[in-house]
Amino acid sequence: MNGSAAVGSGDGVEFGLLGPLRVRVGGAEVAVGSVRQRALLAALLVAGESVVSADRLVESVWDRQAPQDPDQALQTHVSRLRRVLERAAGEGARDLLVTRPPGYALLVAVDQVDARRFERLADQARAADSPAEVVELADRALGLWRGSPLAEFDREFARVEAARLEERRLGLLEARAEGLLALGRPGEVVAELESLVDAHPVREQLHAWLMLALYRCGRQAEALGVHRRLRDRLVEQLGVEPSPALRRLEQDILQQHDALAGPAPSAVSPHTGLADRGASRLPVEVTSFVAREGDVERVGAALGRAPLVTLIGPGGVGKTRLALRAAHEVAMRFDDAARLCDLAAVEDAGAVPAAVAGALGIQPHGSQDLDAAVVAHLRGLELLLLLDNCEHVLDGASRLVDRIVRACPHVRVLATSRQPLGVVGEQVWPVAPLETAAAGDPSQAPAVELFLRRAEAAEPGAVFDDDVEVVAEICRRLDGLPLAIELAAARIRSMTPVDITARLDRRFELLASDTPTADARHRSLQAVVDVSYALLSQAARRLFDRLAVFVGGFTLDAAEQVCADDVLPVDEVAARLGELVDHSLVVVERRRERARYRLLETLRAYAEARLVAQAALATWKQRHAAYCSGLAEQAAAGVVGSDEARWVVLCDAELANLRAAHRWALTAGHVDVALRLPALLHHYAYFRLRDEVFRWAEEAAARPEASDRADYAPALAAAAAGCVHRGELDRASGYRDEAQLAASTAAELARLRVLELEADMTLYRGLLDDVDRLAQEVVTAAQALDRPFEEAIGHLHAVLAAAYGGRTDDAMARFAHGWAVAEATGSPTMHASYRMLEGELWLDADPERAAAALAEAVDVAGSVGNCFVEGVARVSLASLHARRGEAPHALASFADSVAHWRRSGDWVHQWTTLRNLVVLLVRLGVHEPAAVLHGAIASASSGASAFGADAERMAAADAAARESLGPQRHATAAARGHAMDDHETVAYALAVIERLGG
């Protein structure tokens with residue numbers, strides 16, 4: 001098929017086999033994340049446009065581990081691959097992959113596949129008439145190679161095709177070398193041939209061209225040495241002598257035969273130190289490049305704007321890999337292409353110029369210093385210089401790069417370092433860890449994709465589809481650091497993903513490589529962090545170690561309060577924190593007003609191990625817990641006032657630290673702290689439905705030594721509040737009784753907290769006279785303590801008691817009084833609570849006013865994360881829609897409310913919502929689902945029973961359902977509901993709503 005025959009159905013789609021498998025549309029990379037989808041695509045591409053049988057494809061995709069139903073599994077992956085192509089390139093691209101007996105074919109043109117373009121150019125080079133044309137076509141063909149072809153696939157088809165393509169590449173390199181020699185340019189080919197001879201130590205033709213090139217460069221002895229080493233290898237390894245032609249070449253070199261002189265050197269490359277001008281000297285990529293295609297493009301764009309782009313980030317984050325890929329992509333913009341200088345082995349900053357000079361192949365003239373020689377050499381070039389691993393020789397690298405960017409206008413420098421070079425004109429580019437989560441399919445997360453690819457390369461078939469969630473957890477706990485993920489994936493040869501996860505607490509021992517070819521700095525996670533730690537000042541090391549106690553981030557204020565002491569003064573913390581940020585050991589997250597910082601989990605584990613080694617962990621954990629207690633005390637006052645929103649955001653941000661402080665307090669026997677934290681966070685947790693805070697209270701209150709502590713009673717009240725939200729009313733009663741007993745000898749504020757709890761629980765049980773009494777006690781106690789927020793809560797209970805008891809006028813009067821108190825607090829939560837209450841009171845009398853009040857309650861509550869009041873107000877709005885006959889709105893609102901309570905775990909209000917839904921279903925004539933739900937509610941294992949008007953509405957709805965269905969059908973439906981557990985009931989309710997169009 002000719003070059004344009006297939007383009008119509010997938011115009012703009014390009015496929016890459018010469019390196020990691022790649023799909024591009026319009027220059028943008030398309031993610032094909034599944035290992036098996038990639039193997040399927042590769043097998044089809046290798047076949048060209050030929051039909052590949054289903055059996056061959058199954059073998060190619062699954063190797064020797066075919067699934068139970070291979071035809072169905074293959075069809076599934078074919079469909080998914082079609083969808084990937086269609087999403088990326090439009091509907092027409094779906095037609096690229098066609099079904100043709102006895103299998104499938106990929107209809108792509110020659111120009112759409114890099115391997116086919118390479119072969120076409122290679123054929124043209126072989127047929128070219130002139131050496132210059134051979135070299136030009138060979139360079140174009142070889143420029144398509146990005147790495148080893150199909151290296152990620154340990155499959156027979158891939159090995160065969162890779163070997164074939166590699167042989168063609170070597171043949172083209174030999175033809176190119178011959179062409180350069182014919183053009184009188186031996187110096188340009190020596191370095192490349194030396195590298196090829198090392199890689200192919202018994203390939204005679206490469207040795208022959210190298211011998212001739214060295215001879216023509218005046219290096220006769222070295223040319224003879226090449227022959228001698230080849231002969232030794234052939235005799236030792238194969239027991240044969242070099243070919244007669246090679247022996248004759250040796251003799252001609254010994255005799256300096258005139259026929260070897262060749263043409264005069266051309267003037268194409270005046271820069272004698274730069275071997276092979278116009279061809280890059282960058283390492284070939286031997287593994288697939290994952291998920292940073294967007295970064296590659298942006299780094300390339302930055303190189304078009306700035307003379308120096310520095311990729312910074314922690315060790316193991318993938319700076320070198322990103323830099324190499326970006327350099328490969330942009331090298332063709334530069335007449336003199338790209339050069340790499342790896343500074344990892346350079347031990348002294350003063351040796352940087354020598355390393356760069358060596359990478360460029362230059363020698364200084366006379367007394368010229370190396371810095372000047374490098375700058376003089378580069379001044380006339382258009383080149384990309386990649387300096388890798390600058391951090392440990394930062395001063396030397398910065399000095400040289402500063403001279404280069406000032407004196408060499410057509411040179412761009414791409415550097416990698418753990419901290420910026422600090423050169424004028426530098427564009428700093430932070431390299432972030434890979435994303436560890438993806439919506440819908442975890443395997444599409446870049447970090448997970450990397451693990452799966454490397455695991456497949458290490459041990460094909462060892463990771464199953466069911467393992468993906470575990471792999472995602474591994475990647476999350478390893479912070480998305482590519483090096484850590486690759487080291488973990490290598491463990492698949494001897495462990496399962498579950499085994500690896502279970503041992504991540506010992507990650508530094510687990511994640512090490514014994515591979516002798518691995519860079520020593522990257523053979524273990526420990527070694528990577530050791531390098532960064534060694535570059536810090538002593539004071540920065542102290543701060544780094546102490547920051548281990550923070551979990552989930554910290555502010556500068558927090559670091560100053562927790563980490564400062566006589567050895568590390570508070571006024572030095574900011575500067576040392578800046579040093580840690582510069583060294584990529586601390587991540588900074590900029591908020592509107594204040595920066596927030598965090599250590600990656602791997603770095604935090606390293607720092608904690610340092611504290612353990614110093615026998616100092618307990619000291620700094622205690623400092624951290626004291627800070628968290630102080631923060632909780634401030635938050636307790638802040639969340640009940642006008643600045644509630646700010647304090648809620650702060651508590652949300654610090655929840656992980658508060659959790660860690662509570663866990664340490666329990667473990668270390670500091671029961672006072674363990675009780676105090678949840679007691680102080682009561683109102684924050686109550687209105688945000690943060691159940692875990694209430695569970696902290698349960699854990700602390702269960703300690704034998706807790707009962708004589710000052711915060712025992714309010715902690716019990718918090719524990720009871722959590723049980724109420726979960727619908728565990730009997731457990732809540734037990735905590736309440738114990739709290740009442742403890743409060744009799746506790747401080748006044750503790751007694752007030754217990755009174756609040758009593759009023760709440762009594763209201764849920766429908767004991768309205770008792771609610772009246774308790775509400776007044778709350779008001780009185782709050783006034784005595786000057787606690788307007790709690791006073792407003794007391795008035796709110798009083799209004800509800802009157803309203804639920806049918807005393808509308810009394811409720812209205814109480815509301816007016818309570819509203820004034822609530823507004824005086826300035827609290828958004830109180831404002832939302834009373835607007836919600838207003839909506840409840842006016843539901844029947846003035847629906848418009850009620851709707852406006854409830855809508856405002858939802859908005860205001862949502863603005864401070866108050867999902868409790870927001871949820872109650874939404875249920876009332878749903879009921880209002882139902883009463884007004886707005887069935888679609890009502891059903892949609894009930895669906896949102898049921899889902900809301902399911903997410904938050906509040907079963908008391910879930911059952912209230914479902915009772916209201918039953919009433920709506922009866923109104924709509926949907927009697928059987930109403931009867932099922934009524935039966936389920938009646939036998940619910942959690943929550944409180946209906947009372948008052950609520951109970952009357954439920955009874956009336958059930959009677960209407962019974963009348964419509966008849967006794968037998970009603971009983972059957974109710975029995976079905978009785979058999980459901982709580983979660984099945986919720987799922988059933990949502991299914992009913994969806995069926996009705998909600």
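Is Asp-479 buried or exposed, and what is its relative accessible area? The views below take up this residue and several other local features of a predicted model.

**View 1. Asp-479 in the loop between α17 and α18.** Asp-479 is buried, with a relative accessible area of 14%, which places this residue under the 20% cut-off for that class. The loop that holds Asp-479 runs between helix α17 (468-477) and helix α18 (482-490). The backbone of Asp-479 has a phi near 65 degrees, a positive value in a residue other than glycine. As background, most residues other than glycine have a negative phi.

**View 2. Ser-584 in the loop between α24 and β12.** Ser-584 is found between helix α24 (570-582) and strand β12 (587-590), and its phi of about 60 degrees is positive although the residue is not a glycine. With a relative accessibility of 9%, Ser-584 counts as buried, because that class takes in residues under 20% relative accessible area.

**View 3. The hairpin of β5 and β6.** Strand β5 (residues 97-100) and strand β6 (residues 103-106) run antiparallel and are joined by 4 bridges, while the hairpin that connects β5 to β6 does so through 2 residues. Among the paired positions, Arg-100 has Gly-103 in β6 as its bridge partner.

**View 4. The cis peptide bond from Pro-101 to Pro-102.** In this close-up of the backbone, the peptide bond that leads from Pro-101 to Pro-102 is cis, and its omega is near 5 degrees. Pro-102 belongs to the loop between β5 and β6, where the hairpin passes from one strand to the other through 2 residues. For reference, most peptide bonds are trans.

**View 5. A negative surface patch.** Four acidic residues, Asp-55, Glu-59, Asp-69 and Asp-71, form a negative patch on the surface. One of these residues, Asp-71, lies in helix α3, which covers residues 70-89.

**View 6. The whole protein, as context for the close-ups.** The C-alpha trace of the protein spans about 120 × 75 × 50 Å along its principal axes, and its secondary structure comes to 45 helices and 13 strands. Of the 998 residues of the protein, 55% count as buried; Asp-479, at 14% relative accessible area, is buried, and Ser-584, at 9%, is likewise counted as buried.

Conventions:
Residues are numbered from 1 along each chain as its sequence is written. This is a predicted model: local features need pLDDT of at least 70, side-chain atom pairs count only at pLDDT 80 or more; totals for chains, interfaces and linings use all residues. Side-chain values use heavy atoms; hydrogens and water are left out. Patches are made of residues with over 30% relative accessible area and no salt bridge: like charges are joined within 9 Å, nonpolar side chains (Val, Leu, Ile, Met, Phe, Trp, Tyr) within 5 Å. Accessible areas come from the Shrake-Rupley method with a 1.4 Å probe; for residues, only the protein chains shown count as cover. A salt bridge is a side-chain nitrogen of Lys or Arg within 4 Å of a carboxyl oxygen of Asp or Glu. Lys and Arg count as positive and Asp and Glu as negative; His and the chain ends are not counted. The place of a charge is taken as NZ of Lys, CZ of Arg, CG of Asp or CD of Glu. Two strands pair if DSSP finds at least two bridges between them. Buried means under 20% relative accessible area, exposed over 50%, partly exposed in between (1.4 Å probe, protein chains only).
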